[in-house]
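Please open the structure in your viewer and keep a selection prompt ready, since each stop below names what to select next and then says what is there.

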Amino acid sequence: MPNERITENIVRGLLRSNGYYSDDNILIEEQQSHNPRIDKLLRNASKGGSGKGYPEFIISFKNDAENLIVIECKAKTSQHESENRKQYKNFAVDGVLLYASYLKNDFNVTAIAVSGQNDRDKKISSFLWLKKNFFYKNIQNKILPKPIEVKKIINQQSRSLDEQELIKKANEYNEFLYKYSIPETERCSLISAILIALQDDAFLISFQSQSPNKALIKAMLSACENVLKKNLPDEKVKVMLKTYSQFEHNKDFNSENTILKDFIKQIVDEILPYVKESEFDVLGKFYTQFIRYAGSDKTTGLVLTPSHVTDLFCDIAALNVDDIVFDPCCGTAGFLVSAMNYMLKKAGHDEEKQKKIKSDQLIGIEKRPDMFSHACSNMMMRGDGKSNIIYGDCFEENNKNSIKKFNPTKTFLNPPYGKTFPPHKQLKFVRNALECLTKDGICVAICQMSTVVSSNKEVEEEKVIRKAHAGSSIFHAYGFVPSSGSDNLHFSI
């Protein structure tokens, strides 16, 4: 008859052969710890849902107090791991990840699940849950790592993803979706929906068990609704869910393949482990890179202002921590993200001010439902769960009146251009933005060169009107010469 004590003896043998017991720096405890920090964290970690948790092994390091190993055992290999990893009492992987979810509040936790009654048939799974990170990473299977290997893995995984790595991942994921003929116009909405859905604990744990694709999409939309309702008003949630619901009609996702599930798993394995709990900036940066890559195709209709330009606007306007920034055609919220980062940096360690910047000082309007969804999700993933993005037309009086109540002091915009939006129409966006500003406000805009040099009657009339409405506000604009792509003209009124 299977006996869990036998499995525990196998673990002791593995620890002994790997040098754990012979290392004076290592402390191995069983069932409970004399370390008050560990004991406190396990106080409510019972696998039964109430009370204290008792892992089979708790391994700490005297000269490396931030690292911890926790091991859970099961006698039968059939009890190694459940499908959804939520049957904590009955499965080794489920139980050890539960303990890790509590211990990671103070430690970098290497969580190891072991099952089986002999060396030949035993199963071993190892996970790393870094301190205060949103999710864990599967680091290896089949062997129990040595102390030096544990330290090496923690050091490797503790680094954050840099911009080049995020760009690489964004490109890879776009190529993956392109391979399966997912249209460019759907990719950005898809990644937005996935990143939001994965913030729902139930979906994060259970998505791999959802089958067929219709059930997975339904679960994803339900998870999006749960997350969005915690952060946004119902009318905004409806717009975003309508955008995301298009996947229900995608023929590739309605077949019996695993495209969607495989894609979600890639993100869970390669992006989520680097996300700090309650600090989703990595998600925001990755999302920005993804939509920048997908949006390079003209069929999306996306106009993405480069980050070096959105950052430049903050310098031109000399943003301060008390400014209220408005973008009347905010697209994916690039200007608002740059403004938020700029002001947060100036706020330093003042948490109350940081909170106010995120909740009250970033305002936008967007009329395209898919772009509105991108803007809201982008701001949410930057930690601004209650961003003031209005869905609608920036020229509508009701929307303008709503904006004026915020008393915006600075407005940034990259108005639409092209045949549909000739120079005089671009200037109407500028005038409209100026009308929403408070006294002494500053407007910075990107405009085509023709808005400056054109002698067209409509352009000249619009300039006169714009000057009249500018009043005591300041207007800065950048005109780009299309032929060279690099020459800029800066002027102010």
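In which loop is the place of Asp-440? In this predicted model, select Asp-440 and follow the chain to either side: the residue sits in the loop between α17 and β11, the latter covering 442-448. Asp-440 is not a glycine, yet its phi is positive, at about 70 degrees. Most residues other than glycine have a negative phi. As for its surroundings, Asp-440 counts as exposed, because its relative accessibility is 53% and the class begins over 50%.

Next, extend the selection forward to strand β11, where the setting is a buried one: six of the seven residues of β11 are buried, so the strand is largely enclosed by the rest of the structure. Add strand β10, residues 410-413, and you will find it joined to β11 by four bridges, with the two strands running parallel. To look at one pair of residues in that ladder, pick Leu-413, which stands opposite Ala-445 in β11.

On the other side of the Asp-440 loop, select helix α17, which spans residues 423-436, and pick out Lys-425, which lies in that helix. With a relative accessibility of 35%, Lys-425 is classed as partly exposed. A distance label from its C-alpha to that of Pro-415 should read 8.9 Å, for two residues that are 10 apart in sequence.

Now clear the selection and turn to the open sheet of six strands, whose order is β1-β2-β3-β4-β5-β6 and whose pairing is mixed. Its edge strands are β1 (26-29) and β6, each of which pairs on one side only. From one strand to the next, the twist averages 20 degrees. Strands of a sheet pair through backbone hydrogen bonds, either parallel or antiparallel.

Within this sheet, select β5, residues 123-129. Six of its seven residues are buried, so β5 is largely enclosed by the rest of the structure. Showing β4 (residues 108-115) alongside it brings up an antiparallel pairing with seven bridges, in which Ser-115 has Lys-123 as its bridge partner in β5, while Val-114 has Ile-124. Adding β6 (residues 137-141) shows a further antiparallel pairing with β5, this one over four bridges, and here Phe-127 stands opposite Asn-138 in β6.

Between β4 and β5, select the connecting loop and pick Asn-118, which has its place there. Asn-118 is partly exposed, with a relative accessible area of 30%. Then add Ile-6, which is 112 residues away from Asn-118 along the chain, although the C-alpha atoms of the two are separated by 8.2 Å.

Which residues line the largest cavity? Select Leu-128, Leu-130, Phe-135, Lys-137, Gln-157, Pro-273 and Tyr-274, which together form its lining. By class, these lining residues divide into five nonpolar, one polar and one charged. The volume of the largest cavity is about 50 Å³, and a search of the whole structure finds one cavity of 30 Å³ or more.

Return to the loop between β3 (67-74) and α3 (92-103), and select Arg-85, which lies in it. Arg-85 also has a positive phi, of about 60 degrees, although it is not a glycine. Its relative accessible area is 19%, and Arg-85 is therefore counted as buried, the cut-off for that class being under 20%.

The last stop concerns the cysteines: how many disulfides does the structure hold? The structure holds zero disulfides, and Cys-376 offers a case to inspect. Its closest cysteine sulfur is that of Cys-330, and at 7.7 Å the two sulfurs are too far apart for a bond, given that a disulfide requires sulfur atoms within 2.5 Å. Cys-376 is buried, with a relative accessible area of 0%. Selecting Cys-314 as well shows another buried residue, again with a relative accessible area of 0%.

Definitions and conventions
Residues numbered from 1 in each chain as written. Predicted model: local features only at pLDDT ≥ 70, side-chain atom pairs only at ≥ 80, totals over all residues. Heavy atoms only, no water. 1 Å grid on protein atoms, 1.4 Å probe; cavity = no way out; pocket = protein on both sides within 12 Å on 5 of 7 lines; lining within 4 Å. Points joined across faces, edges and corners; volume = space filled by probe spheres on them. Nonpolar A, V, L, I, M, F, W, Y, C, P; charged D, E, K, R; others polar. Buried < 20%, exposed > 50% of the residue type's maximum accessible area, 1.4 Å probe, protein only. Pairing = 2+ DSSP bridges. Axes fitted to C-alpha atoms, helices over the stretch in contact; angles between N-to-C directions.
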